[in-house]
Amino acid sequence: MTPSHPSEAAATAVVFPGQGSQFPGMARELFEQSEAARALLTQANDILGFNLTKLMFEGTEDDLRRTDVTQPAVFVHSVAQFVARPDLQPSMVAGHSLGEFSALVAAGVLTFADALPLVARRAQAMQAACDEQPGTMAAILGLADEAVEQGCQQVATGGDVVVAANYNCPGQLVISGSTAGIAKACEVLKAAGAKRALPLPVGGAFHSPLMQSAQAALAEAIERTTFHPARCPVYQNVDAAPHRDPAEIKANLLAQLTAPVRWTQSVQAMLRDGATNFVECGPGKVLQGLVKKIEPTATAGSVA
């Protein structure tokens with residue numbers, strides 16, 4: 001049960017990673033050690049109609065880098081890890097980009113059986129959008145958010161698409177847009193004082209206007225899916241605010257495809273609302289590192 005006031009109990013925020021945290025052999029130990037996780041991983045193969053777990057356990061880095069594999073794999077791993085720990089009772093949840101779907105399952109908004117087809121549809125729609133409108137992303141390090149936003153606006157006035165896409169932590173912001181726009185923005189932002197401007201090995205301009213066609217494809221699938229009221233607040237990427245209402249959650253989930261991931265602001269909001277402990281649930285340790293950069297005094301770790 002969520003405490004009615006933050007001071008009534010230690011509030012645990014469970015957070016779920018997104019694309020990029022996959023690795024060969026992911027979820028194999030979970031499959032071997034947890035009956036609940038094994039059942040879920042087996043169910044995933046049946047829902048998808050292909051052997052996802054074989055790719056997760058035995059696939060190469062290249063196999064796992066395909067968007068249509070990566071997104072279901074990270075989602076399934078994250079939820080399997082969550083169900084393997086029934087003692088983990090979140091007071092609040094959040095997920096980074098794709099991780100928002102894992103968070104919605106943890107909060108009871110979506111069943112696993114309903115969420116996985118949505119994740120698969122999202123991955124297909126994003127890949128199609130990448131093929132239609134090629135683009136890329138870059139990480140900008142060591143520059144204030146406002147300066148990055150100004151640099152993006154400067155380049156965009158010339159007609160290129162470039163926007164702030166992931167507010168990961170202070171001094172680390174990912175930009176997204178057309179290939180030409182990102183190349184120009186990297187030069188502009190380095191001249192503005194960025195320590196580094198690193199092009200990322202991604203297949204498209206995620207969380208930018210270039211994902212608009214994916215939004216239309218996902219909207220249809222979302223409308224056919226039942227969303228339930230959340231058992232605990234879900235801090236969503238688009239506004240970094242807590243949500244429980246299914247209609248609000250649906251709208252925000254759809255908007256997320258073309259809007260920035262406000263991770264810094266989400267963590268700050270959870271801290272303000274009483275989060276005392278952050279637990280990362282899923283492959284990798286990226287989010288707990290970001291939490292510590294956002295608030296060095298925060299307690300952050302991963303599910304054992």
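Which strands does helix 13 (residues 286-294) lie across, and at about what angle does helix 13 run to strand 10? Select helix 13 together with strand 1 (11-16), strand 9 (275-280) and strand 10: the helix lies across these three strands and runs at about 175° to strand 10. The model on display is a predicted one.

**Stop 1: the six-stranded sheet**

Extend the selection to the sheet that contains these strands. The sheet is open, has six strands in the order 8-7-2-1-9-10, and shows mixed pairing. Its edge strands are strand 8 (242-243) and strand 10 (299-302), each of which pairs on one side only.

Next, select strand 2 (residues 92-95) and strand 7 (residues 234-235). These two strands run parallel and are joined by two bridges. For a reference point, label Ala94, which stands opposite Tyr235 of strand 7.

Move then to strand 9 and strand 10. Their pairing is parallel and extends over four bridges. Here Val279 stands opposite Gly301 in strand 10. Trace the backbone from strand 9 through helix 13 to strand 10; this path is a β-α-β crossover, and it is right-handed.

**Stop 2: helix 12 against helix 13**

Keep helix 13 selected and add helix 12 (residues 263-272). The axes of the two helices come within 10 Å and cross at roughly 70°. Because of that angle, helix 12 is roughly perpendicular to helix 13. To display the contact, show the side chains of Trp263, Thr264, Val267 and Gln268 from helix 12, with Leu287, Leu290, Val291 and Ile294 from helix 13. Classified by type, this contact of helix 12 with helix 13 comprises six nonpolar and two polar residues, with no charged ones.

**Stop 3: the four-stranded sheet**

Now select the sheet with strand order 4-5-3-6, an open sheet of four strands with antiparallel pairing. Strand 4 (162-169) and strand 6 (196-199) are at the edges with a single partner strand each, so one side of each has no neighbour in the sheet. Direction ignored, neighbouring strands of this sheet are turned by 25° against each other on average.

Within this sheet, isolate strand 4 and strand 5 (residues 172-177). They pair in the antiparallel sense over six bridges. One pair to label is Cys169 and its bridge partner in strand 5, Gln172. Then add helix 8 (residues 145-156), which packs on the sheet and touches strand 3 (136-141), strand 4 and strand 5. The direction of helix 8 makes about 165° with that of strand 4.

**Stop 4: helix 7 and helix 10**

Select helix 7 (residues 112-132) and helix 10 (residues 212-223). They pack at an angle of about 160°, and their axes are 8 Å apart. The two helices, helix 7 and helix 10, are therefore roughly antiparallel to each other. The crossing in which helix 7 passes helix 10 is right-handed.

On the helix 7 side, the contact is made by Leu118, Arg121, Arg122, Ala125, Met126, Ala129 and Glu132. On the helix 10 side, show Ser213, Ala214, Ala217, Leu218, Ala221 and Ile222. Colouring by class gives nine nonpolar, one polar and three charged residues in this contact of helix 7 with helix 10.

**Stop 5: helix 2 and helix 5**

Finish with helix 2 (residues 35-48) and helix 5 (residues 67-83). Their axes come within 8 Å and cross at roughly 150°. An angle over 145 degrees counts as roughly antiparallel, and helix 2 and helix 5 are therefore roughly antiparallel to each other. The crossing of helix 2 and helix 5 is right-handed.

Which residues of helix 2 meet which residues of helix 5? Show Ala36, Ala37, Leu40, Leu41, Ala44 and Leu48 in helix 2; these meet Pro72, Val76, Val79, Ala80 and Val83 in helix 5. By class, the contact of helix 2 with helix 5 holds 11 nonpolar residues, with no polar and no charged ones.

Terms used:
Residues numbered from 1 in each chain as written. Predicted model: local features only at pLDDT ≥ 70, side-chain atom pairs only at ≥ 80, totals over all residues. Heavy atoms only, no water. Pairing = 2+ DSSP bridges. Contact = heavy atoms within 4.5 Å. Axes fitted to C-alpha atoms, helices over the stretch in contact; angles between N-to-C directions. Parallel < 35°, antiparallel > 145°, perpendicular 65-115°, else oblique. Nonpolar A, V, L, I, M, F, W, Y, C, P; charged D, E, K, R; others polar. Left-handed = near helix turned anticlockwise from the far one by under 90°. Right-handed = clockwise from strand over helix to strand, strands pointing away.
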